[in-house]
Amino acid sequence: MALLVTCAKSGTFAFSKCGVFKLCSSSYSIGLNINRNYVTKKEKIDIHSLPKAPKRPMTSYLEFYKNHYNEIVENNNLQADKKKASKAVQICSGMWESLDDVTRKGYQDRAHVRLEAYREEMKKFKDSLTAEQKELLKEAKKQIREEKIKKKEKKEEKQSLKLLYAGAKEEYNLKMTEWVENMVEQGIEKLEVPKKNMGAYQIYRHQHKEGPLWSTLSDEEKEKWHKKAVKEQHRYEKEMEEWYQKIEDKGKTDFVEEVFELIKANKKKPTKK
């Protein structure tokens with residue numbers, strides 16, 4: 001009896017109009033217990049405040065892709081395609097592989113000239129830096145790498161949670177279907193659970209949807225609604241006892257409590273192993 005009343009008061013179950021058990025939408029959730037080690041957060045370096053390094057030049061293939069991108073999109077009707085960028089890369093890759101040696105060498109030679117100029121500019125840039133600026137640039141690059149790793153790990157953790165939830169939800173829906181079918185077979189689908197009692201504020205709002213705010217009521221006025229809430233609680237407890245008696249009369253007490261135990265077990269949050 002104690003288990004039944006507890007489950008009923010906590011709102012872990014309900015009856016539909018036809019009397020069949022169902023769980024509330026918020027009665028099942030997935031969560032992880034994650035141990036977090038808190039460390040002192042490093043001060044983030046403003047990369048924009050440091051001297052700007054020369055930009056790495058285009059490769060031979062990137063120049064080819066840039067020169068033929070519009071042509072590829074137009075010839076393959078990719079203008080409205082959401083994946084036109086990835087498809088354009090695939091098409092361009094095939095075009096690059098079939099390119100004649102003379103044309104390919106022209107792209108490679110220009111890329112080589114750009115690379116040599118970049119190396120010269122990079123040497124001058126490094127020579128112009130102070131020891132402090134070099135150390136700050138090194139630390140800034142390290143922070144950028146760490147941020148990329150964190151973003152990747154966060155994305156992978158979200159993906160694993162989605163897979164975990166999908167699997168648990170499928171198992172949950174299967175069990176609920178079995179429970180409902182079993183209840184119909186047991187012949188208790190018409191025994192509806194009494195409506196849960198409301199508190200003083202809920203009763204007031206239910207009867208005065210357009211009335212003054214609860215916070216503006218005097219203590220004397222609130223006391224009137226608290227008394228109604230007490231009567232409502234007594235009504236609910238009495239009806240629950242009568243409802244449970246009907247279950248006992250039909251000899252289905254063990255089955256009902258078994259259903260509540262299964263519902264309670266499904267509400268427990270799995271932990272990450």
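Okay, so let's start with tryptophan 214, which counts as buried at 17% relative accessibility. Keep in mind that what we have on screen is a predicted model. Why does 17% get the label "buried"? Because buried means under 20% relative accessible area.

Now, tryptophan 214 has a ring partner. Before I get to that pair, here's the bigger picture: there are eight aromatic pairs in the structure. One of them joins tryptophan 96 and tyrosine 107, with 6.1 Å centre to centre and 70° between the planes, and that pair is edge-to-face. Where do these two sit? Tryptophan 96 is in helix α3, residues 84-97, while tyrosine 107 is in helix α4, residues 101-128, so the pair ties together parts that are eleven residues apart in sequence. Are they buried or exposed? Tryptophan 96 is buried, at a relative accessible area of 10%, and tyrosine 107 is buried too, at 8%.

Back to our opening residue. Tryptophan 214 pairs with tyrosine 201: the ring centres are 5.9 Å apart and the planes sit at 85°, so this is an edge-to-face pair. Tyrosine 201 belongs to helix α6, residues 200-207, and tryptophan 214 to the loop between α6 and α7, so here the pair ties together parts that are 13 residues apart in sequence. Look at the two partners on your screen: tryptophan 214 is buried, but tyrosine 201 is partly exposed, with a relative accessible area of 44%.

One more thing on rings. Tryptophan 96 and tyrosine 107 turn up again in a cluster, where ring pairs link them with Tyr61 and Phe64.

Okay, next stop, the loop between α2 and α3. α2 covers residues 60-75, and asparagine 77 is in the loop that follows, on the way to α3. What's odd about its backbone? Asparagine 77 has a positive phi of about 50° although it isn't a glycine. That stands out because most residues other than glycine have a negative phi. As for cover, asparagine 77 counts as exposed, at 63% relative accessibility.

Last bit: charges. Which residues form a negative surface patch? They are Asp219, Glu220, Glu221 and Glu223. Let's zoom in on one of them, glutamate 221. You'll find glutamate 221 in helix α7, which runs over residues 219-249. Glutamate 221 is partly exposed, with a relative accessible area of 39%. And that fits the patch, because patch residues need over 30% relative accessible area.

That's my tour, thanks!

Note on methods:
Residues numbered from 1 in each chain as written. Predicted model: local features only at pLDDT ≥ 70, side-chain atom pairs only at ≥ 80, totals over all residues. Heavy atoms only, no water. Patch = residues over 30% accessible without salt bridge, like charges linked within 9 Å, V, L, I, M, F, W, Y side chains within 5 Å. Areas by Shrake-Rupley, 256 points an atom, 1.4 Å probe, with all protein chains shown as cover. Salt bridge = Lys/Arg side-chain N within 4 Å of Asp/Glu carboxyl O. Lys, Arg positive; Asp, Glu negative; His and termini not counted. Charge placed at Lys NZ, Arg CZ, Asp CG, Glu CD. Helix = DSSP H or I, 4+ residues; strand = E, 2+ residues; numbered from the N terminus. Buried < 20%, exposed > 50% of the residue type's maximum accessible area, 1.4 Å probe, protein only. Phe/Tyr/Trp six-rings, centres within 6.5 Å; stacked < 30°, edge-to-face > 60°.
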